[in-house]
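Trainee: Could you take me closely through one part of this model, the sheet together with what packs around it, and then go on to the empty space inside the protein?

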Amino acid sequence: METHIKTAFAILGIFVAATAISLDVVDDYQYAFVVGQHHSGTTLLDLILALNTNVTRLKGKYYSSAQEQLEHVFLDNAMSRILNDNTGVAEDEGQHLQTVYPRARDLGGARRWFLHRDAHLTEKDSRASEETKRELLQSWTPFWDQDKKVRLEKSPRHVTMTRFLQHVFGMETRFFVTMRHPFGATYHFYHRFNDEKKTRYYNDCGERDVRSFLKIYGTLLEDIPYLKHVGVVSLESLLDSRNTRAIAHAAEHLLGLAPSIQISPINIAAQGALHLAEIRKPPVEFLTPKHPRSSVSRSPLLQQWDYKSKDPTNRNTQQNVSLKGSNIFFDEPEQQRSVDPTESKRGFSLSYSKWNQSSFNREDISSEVQTKGGSRYPSENIIGKHATRRRLLHFRGDRNALEVLSGPGAQFGWVETFKKLQPNFSERCKHVIEKYEAKLNGFGYSLRKFTQHSLPSFFHDYLLLPEAYTL
């Protein structure tokens, strides 16, 4: 027993030393984040990018030596995580491994978090500091391969934190943004609704899902001109077998890597009468919405910060741009938070408690995969393999043997279920279509024909592969 204890402390010392060393040479690494709405393809893109031999994603703990791995079995579980092929938290997301800022579930769950006043963080937040970088690296470094140049992290929650993360990790940080049709992204929830929720969903005509999409990506539209390196891709284009490999190579180019990812997508045909009927609808003519940032999108600011530019200049220009309103699409006021430099990180737990007692219907927050996290926000023990991983519809096999499913069955498989829950949508829900169609057309989606996907004009300057939308 005494020998085992000494071995445990020796290994723990090696781990602490290795972590300290890695923090001293962080500039040798490149950091990249995959962000987007929940169930919009973030996990799939994370797995695809990690196929490049120079990229490491968050997964099972890495050891400094084979000896350390062998001796690991003597460590008490309270001192170290069990050796496995994942982090032990939901979908291997970094948000669940840290304690600096509230996770999505702390702010209301996958269908509500973006409505919370603390969801949107920028470089002006008091926590955007070198200390935050050190804390995040202490949380994430054990799950990255130290021998690989590019460190990749994936959390949907970070889609409203891009400016914050760029400030913390530096201007060379890369961001990959995924999008998906609003009704496709929320399929994970409504296909499990009980009868009561199905009735509410029917009466709502899916309007809440559309508004959620516009809230998330409207916030991103405000933030994206400030980002130096960013690439946007829709899940629908990624799951088109003609595009999959090309999009992966465009992402590698954004990372400064030679293209090496090899993917052979497996085509899945459309299934179900309602899905086929939607595909056979005649094409609709997309409306031409006014770009919400028309005065900014062609300004010198974007030319300087476009990820395709190799030599951006006048970086301080971003400070002079006036962005009106808290969100360009969301027409309900959200709670505003003034940033107090002396504000305690723990203070967000209190603001969450107050929000949790508000008038929101908590039953509307569909149960999500149980997550585990740090101690600063509601936490649990994160040791061991996560027992309730959801099965993604867009790849099969395990996370080391990726097989991407493509074709209409993978791109729009949700249509059959949605149309059963929303019969006669085109006629019964005209008010929703008229209210949101033009805005969604700007993102490349339609409420008049669900299976028609076009170039998202709002993000045109930031698309990983614009050609993918003209096939």
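**The sheet and its surroundings**

Mentor: In this predicted model, five strands form an open sheet in the order 2-3-1-4-5, and their pairing is parallel. The edges are taken by strand 2 (55-57) and strand 5 (229-234), and because each of these has a single partner strand, one side of each is left without a neighbour in the sheet. From one strand to the next, the twist averages 20 degrees.

At one of these edges, strand 5 pairs with strand 4 (residues 174-179) in the parallel sense over six bridges, and within this pairing F175 has V230 of strand 5 as its bridge partner. Helix 5 (residues 162-169) packs on the sheet, where it touches strand 1 (30-36) and strand 4, and the direction of helix 5 makes about 170 degrees with that of strand 1. Helix 9 (residues 207-223) also lies across strand 1 and strand 4, but here the angle is given against strand 4, to which helix 9 runs at about 155 degrees.

Before helix 9 in the sequence comes helix 8 (residues 195-204), at whose start a side-chain oxygen of N194 reaches to within 3.2 Å of the backbone nitrogen of E196. After helix 8 comes C205, which has a positive phi, near 60 degrees.

As for the empty space, a probe the size of a water molecule, rolled over the atoms, shows where such space is left. The structure holds three cavities of 30 Å³ or more, and the largest cavity has a volume of about 80 Å³. Its lining is made up of Q37, H38, A110, R111, F114, A185, T186, F189, R208, D209 and S212. By class, four of these lining residues are nonpolar, four are polar and three are charged. Helix 9, which lies across strand 1 and strand 4, supplies the largest share of this lining, with three residues.

Terms used:
Residues numbered from 1 in each chain as written. Predicted model: local features only at pLDDT ≥ 70, side-chain atom pairs only at ≥ 80, totals over all residues. Heavy atoms only, no water. Pairing = 2+ DSSP bridges. Helix = DSSP H or I, 4+ residues; strand = E, 2+ residues; numbered from the N terminus. Axes fitted to C-alpha atoms, helices over the stretch in contact; angles between N-to-C directions. Contact = heavy atoms within 4.5 Å. Polar contact = N/O pair within 3.5 Å; in protein donor to acceptor, adjacent residues only side chain to side chain. 1 Å grid on protein atoms, 1.4 Å probe; cavity = no way out; pocket = protein on both sides within 12 Å on 5 of 7 lines; lining within 4 Å. Points joined across faces, edges and corners; volume = space filled by probe spheres on them. Nonpolar A, V, L, I, M, F, W, Y, C, P; charged D, E, K, R; others polar.
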